[in-house]
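Please go through the helix packing in the structure shown here. The notes below are brief and grouped by topic.

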Amino acid sequence: MKKKGGMSIFTLCMMTVAAVVSLRGLPMMAKEGLSMIFYILFAAVMFLIPASLVAAELGGSFSNKGGGVYTWISEAFGTRWGFTAIWLQWIQNVVWYPTVLGFAASALAYLFMAPDLAANGTYTGIVILVCYWAATFLTLAGSDIASSITKYGVIFGTILPGVF
């Protein structure tokens, strides 16, 4: 019998770092100095750890019903609120992804020594669409591929540049 693959704790940690930390915010964090360590630990202890424990509990409790935010909210408050919860998650991404990808497009323009491209809407739109669809297809390829890309992307795209 083939063993079902799972994510390691390190991979989950890197995915959390990817969701919380970005290169754009690192200069502001660096300005805070060593006190930033307290803020990060405070956020981890007061939010990230309790949120992960709740998600683990709910995921285990409702695994026979498919799990997920819709199931959790629907069981507690009804299907209308379950739909509202997943719609809010979706609309958040509809606004967030193009914003972050627009920043990435501008950063790429400066990386390739073409800062005039950063103000070009066509270039920005193409980069956003290519990145968005590439991420969609990579995610559809499976959670192993998506988690590997996230893990190594955080290490080489956020942690190492942040250290340097």
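Helices α4 and α5 cross with a right-handed sense. Their axes come within 7 Å and make an angle of roughly 150°. An angle over 145° counts as roughly antiparallel, and α4 and α5 are therefore roughly antiparallel to each other. The model is predicted.

**The contact of α4 with α5**
- On the α4 side, the contact is made by V69, Y70, I73, S74 and F77.
- On the α5 side, the residues are T79, W81, G82, F83, A85, I86 and Q89.
- By class, this contact holds eight nonpolar and four polar residues. It has no charged residues.

**S74, a residue of that contact**
- S74 sits in helix α4.
- Is S74 buried or exposed? Its relative accessibility is 16%. The cut-off for buried is under 20%, so S74 counts as buried.
- Leaving aside residues up to four places away in sequence, S74 touches T79 and G82.

**Helix α5 along its length**
- Helix α5 covers residues 79-111, which is 33 residues.
- How far apart should its ends be? At 1.5 Å a residue, helix α5 should span 48 Å. The end C-alpha atoms are 47 Å apart, so the model agrees with that expected span.
- The buried residues of α5 are G82, A85, L101, G102, A105 and A109.
- Which helices do these buried residues pack against? They pack against α4 (68-77) and α6 (121-140).
- Two of the buried residues, G82 and A85, also appear in the contact with α4.
- Just after α5 comes M113, with a positive phi of about 60°.

**Helix α1 against helix α7**
- Helix α1 spans residues 9-20, and helix α7 spans residues 143-163.
- The two pack at an angle of about 60°, with axes 9 Å apart. That angle makes α1 oblique to α7.
- The crossing of α1 and α7 is left-handed.
- From α1, the residues in contact are F10, T11, M14, M15, V17 and A18.
- They meet S147, T150, K151, V154, I155 and I159 of α7.
- The residues of this contact divide into eight nonpolar, three polar and one charged.

**Points to keep in view**
- The α4 and α5 crossing is right-handed, whereas the α1 and α7 crossing is left-handed.
- The contact of α4 with α5 has no charged residues, while the contact of α1 with α7 has one.

Key: Residues numbered from 1 in each chain as written. Predicted model: local features only at pLDDT ≥ 70, side-chain atom pairs only at ≥ 80, totals over all residues. Heavy atoms only, no water. Axes fitted to C-alpha atoms, helices over the stretch in contact; angles between N-to-C directions. Helix = DSSP H or I, 4+ residues; strand = E, 2+ residues; numbered from the N terminus. Parallel < 35°, antiparallel > 145°, perpendicular 65-115°, else oblique. Left-handed = near helix turned anticlockwise from the far one by under 90°. Contact = heavy atoms within 4.5 Å. Nonpolar A, V, L, I, M, F, W, Y, C, P; charged D, E, K, R; others polar. Expected span 1.5 Å × (residues − 1). Buried < 20%, exposed > 50% of the residue type's maximum accessible area, 1.4 Å probe, protein only.
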